[in-house]
Amino acid sequence: NSVSVIAELTQGRSQLIERKRRNAETVQSLGMRSRFAKMFLDINGRLSAKQAQVNETVIVVSTSSKTMRMFIQSALLTVGAWLVIDGQVSGGVIFASSILAGRALAPIDQAISQWRNFSMARTSWSRLNKSLDRFGEPESRILLPRPKGQLELTGVTVVPPGQQIPTVQIGR
């Protein structure tokens, strides 16, 4: 899945940048700066290429959808005009069919425009499930007795920040 590849490359690039940031002095002193730059350019190039590929697909699907919508609307208007000229229906049918077609095709247009978000959500859900599977089932918990509602403090002193005198002092 292209979106999951993009997510993995983005995460890898972020981790590389974070490693460079945390180890900047070591990287500089060991002369590894050009190596890190090469690694960054490599992962960034792969990310850019994959994003371009996904964008091309989105553009093709979006353009195809708009073209199909225009074709359907034009066909409806043509058939409506033909029926009006032939005297089988009134002119209002043209407007009604245009409005109904727009309403019928709107959910399809919305689904196509939101496909990237849906795909990213699906990928995130998959990654979350994989992460949770790595941790496995939680260990059994120890059952503790219910609290009794009583609290006993001994040897407690509370001093506000910047002060020398305690505001609360409970004996030791």
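Trainee: Which residues lie nearest the centre of the largest pocket?

Mentor: Let's start with the general idea: rolling a probe the size of a water molecule over the atoms shows where empty space is left. In this predicted model, the largest pocket is lined by 13 residues, and V54, T57, V58, W115 and R116 are the ones nearest its centre. The space inside the largest pocket comes to about 300 Å³.

Trainee: Which helices supply at least two residues each to the lining of the largest pocket?

Mentor: Look for helix 1 (2-22), helix 3 (33-85), helix 4 (92-113) and helix 5, since each of them supplies at least two. Helix 3 gives the largest share of that lining, with 5 residues.

Trainee: And what is the lining of the largest pocket like by class?

Mentor: Sort the lining residues by class and you get 6 nonpolar, 6 polar and 1 charged.

Trainee: Those helices come up again and again. How should I read the way two of them pack, say helix 1 and helix 5?

Mentor: Ask for the distance between the axes, the angle, and the hand of the crossing. The axes of helix 1 and helix 5 come within 9 Å and cross at roughly 65°. Angles from 65 to 115 degrees count as roughly perpendicular, so helix 1 is roughly perpendicular to helix 5. The crossing in which helix 1 passes helix 5 is right-handed.

Trainee: What about helix 3 and helix 4: at what angle do their axes cross?

Mentor: Their axes cross at roughly 165° and come within 10 Å. An angle over 145 degrees counts as roughly antiparallel, and therefore helix 3 is roughly antiparallel to helix 4. Here too you can add the hand: helix 3 passes helix 4 in a right-handed crossing.

Trainee: Is the crossing of helix 1 and helix 3 left-handed or right-handed?

Mentor: That crossing is left-handed. Helix 1 and helix 3 pack with their axes 10 Å apart, at an angle of about 160°. That angle makes helix 1 roughly antiparallel to helix 3.

Trainee: Now for single residues. Is S65 buried or exposed?

Mentor: Compare the relative accessible area with the cut-offs: under 20% is buried, over 50% is exposed, and partly exposed lies in between. S65, found in helix 3, has a relative accessible area of 14%, so S65 is buried.

Trainee: How far apart in space are S65 and S113?

Mentor: From C-alpha to C-alpha they are 9.9 Å apart, while 48 residues separate them in sequence.

Trainee: Where is S126, then?

Mentor: S126 sits in helix 5. With a relative accessible area of 31%, S126 is partly exposed. Its C-alpha is 46 Å from that of L151, and the two residues are 25 apart in sequence.

Trainee: Why does F95 count as exposed?

Mentor: F95 is exposed because its relative accessible area is 62%. You will find F95 in helix 4. F95 and V84 are 11 residues apart along the chain, with 12 Å between their C-alpha atoms.

Trainee: One more, please. Where does L144 lie?

Mentor: L144 is in the loop between helix 5 (115-135) and strand 1 (156-158). Its relative accessibility is 70%, so L144 counts as exposed. To place L144 further, take T157: 13 residues separate the two in sequence, and their C-alpha atoms are 29 Å apart in space.

Terms used: Residues are numbered from 1 along each chain as its sequence is written. This is a predicted model: local features need pLDDT of at least 70, side-chain atom pairs count only at pLDDT 80 or more; totals for chains, interfaces and linings use all residues. Side-chain values use heavy atoms; hydrogens and water are left out. Helices (H or I, at least four residues) and strands (E, at least two) are DSSP runs, numbered from the N terminus. Buried means under 20% relative accessible area, exposed over 50%, partly exposed in between (1.4 Å probe, protein chains only). On a 1 Å grid over the protein atoms alone, a cavity is a set of points where a 1.4 Å probe fits but cannot get out, and a pocket is an open set with protein on both sides within 12 Å along at least five of seven lines; lining residues have an atom within 4 Å of a point. Grid points are joined across faces, edges and corners, and a volume is the space filled by probe spheres set on the points. Ala, Val, Leu, Ile, Met, Phe, Trp, Tyr, Cys and Pro count as nonpolar, Asp, Glu, Lys and Arg as charged, and the others, Gly among them, as polar. Axes are lines fitted to C-alpha atoms, for helices over the stretch in contact, and angles run from 0 to 180 degrees between N-to-C directions. Angles under 35 degrees count as roughly parallel, over 145 as roughly antiparallel, 65 to 115 as roughly perpendicular and the rest as oblique. A crossing is left-handed if the near helix is turned anticlockwise from the far one by less than a right angle, and right-handed if clockwise.
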